[in-house]
Amino acid sequence: MGSIVYRATKDQAVHDELQNVGAFAAVLAHRAIGNRLWFLAQTRSGKHVGRIWIGLTLIDCRGGQAAVKSMDESCGPCYFDCPLAFLDRADPPTGPYAGPWREKVREFHANRAAKRAIVRPGLRISYGELIYVLRCSLGRRGWEVARESDGLIFRLKARQLGNATVLLSQEKHP
């Protein structure tokens, strides 16, 4: 199944996609994360009436146009940041891909929680051949860090921190 392209902003595309799903199912919950619109829906008619399932719509907006591609969990999407609450509320998975996909979603969230638990002020990390010490969280903007070699202060984006290597306190980088 391909993508549909039409003139819209991201907010309009999200609204339109939720209305499209609403034509055949009741949307119980939804959350937009980046360019992904996750939704939990309950089928209103047909042979699967009453079934609660997880859907995903990819939304790419550029130059006043939105490209959208919709799928459900039975396709085994390659994205794993689906809200955990959706997994708990959905009916048991169907098809060969939904079960393994749900396991990967749970693994994704467990890994993210474990990583967040160790990230704290004073943590030493290696990024780009240099060592930094985390000073304070800047929320969604990342972390304030000090370069260990000279004490200069920088901002490390969350994505950069995700690609950094955590060092043991006594470990010295070559």
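1. Two strands are taken to pair if DSSP finds at least two bridges between them; strands (E, at least two residues) and helices (H or I, at least four) are DSSP runs, numbered from the N terminus. The model under review is predicted, so local features need pLDDT of at least 70, side-chain atom pairs count only at pLDDT 80 or more, and totals for chains, interfaces and linings use all residues. Residues are numbered from 1 along each chain as its sequence is written, and side-chain values use heavy atoms, with hydrogens and water left out.

2. One open sheet consists of five strands in the order E1-E5-E4-E3-E2, with antiparallel pairing. Its edges are strand E1 (4-7) and strand E2 (25-33); each has a single partner strand, so one side of each lacks a neighbour in the sheet. On average, neighbouring strands of this sheet are turned by 25° against each other, direction ignored (axes are lines fitted to C-alpha atoms, and angles run from 0 to 180 degrees between N-to-C directions).

3. At one edge of this sheet, E1 is joined to strand E5 (residues 65-72) by four bridges in the antiparallel sense. Ile4 has Val68 of E5 as its bridge partner. At the other edge, eight bridges link E2 to strand E3 (residues 36-43), again antiparallel, and Ala25 has Thr43 of E3 as its bridge partner. E2 and E3 form a hairpin with two residues between them, and Gly34 in the turn has a positive phi of about 60°.

4. A further open sheet of five strands follows the order E9-E8-E7-E6-E10, and its pairing is antiparallel. Strand E9 (153-156) and strand E10 (165-167) are the edge strands, each pairing on one side only. From one strand to the next, the twist averages 45°.

5. Within that sheet, strand E6 (residues 124-127) is paired with E10 over three bridges, in the antiparallel sense. Two opposite positions can be named: Arg124 faces Leu167 in E10, and Ser126 stands opposite Thr165 in E10. E6 is also joined by four bridges to strand E7 (residues 130-137), and these two strands run antiparallel. Tyr127 has Leu130 of E7 as its bridge partner.

6. The turn between E6 and E7 deserves attention for its backbone angles. Two residues lie between the strands of this hairpin, and Gly128 takes a positive phi near 60°. Glu129, in the loop between E6 and E7, has a phi near 70°, a positive value in a residue other than glycine. Most residues other than glycine have a negative phi. With 68% relative accessibility, Glu129 counts as exposed (buried means under 20% relative accessible area, exposed over 50%, and partly exposed in between, with a 1.4 Å probe and protein chains only).

7. The cysteines form no crosslink: the structure holds zero disulfides (a disulfide being a pair of cysteine sulfur atoms within 2.5 Å). Cys75 is in no disulfide, and its nearest cysteine sulfur, that of Cys78, is 10 Å away. Why is Cys78 not bonded to Cys75? The 10 Å between their sulfurs is too far for a bond. Cys75 is partly exposed at 46% relative accessibility, whereas Cys78 is exposed, with a relative accessible area of 66%.

8. Asp72 belongs to strand E5 and is partly exposed, with a relative accessible area of 27%. The C-alpha atoms of Asp72 and Ile125 are 38 Å apart in space, with a sequence separation of 53 residues.

9. The largest pocket encloses about 1000 Å³ of space (an open set of points on a 1 Å grid over the protein atoms alone, where a 1.4 Å probe fits, with protein on both sides within 12 Å along at least five of seven lines; lining residues have an atom within 4 Å of a point). The volume is the space filled by probe spheres set on the points, which are joined across faces, edges and corners. Of its 23 lining residues, Arg112, Arg116, Ala158, Arg159 and Gly162 are the closest to the centre.

10. Elements giving two or more residues to the lining of the largest pocket are E2, helix H3 (95-118) and helix H4 (158-163). H3 contributes the largest share, six residues. By class, the lining holds nine charged, eight nonpolar and six polar residues (Asp, Glu, Lys and Arg count as charged; Ala, Val, Leu, Ile, Met, Phe, Trp, Tyr, Cys and Pro as nonpolar; the others, Gly among them, as polar).
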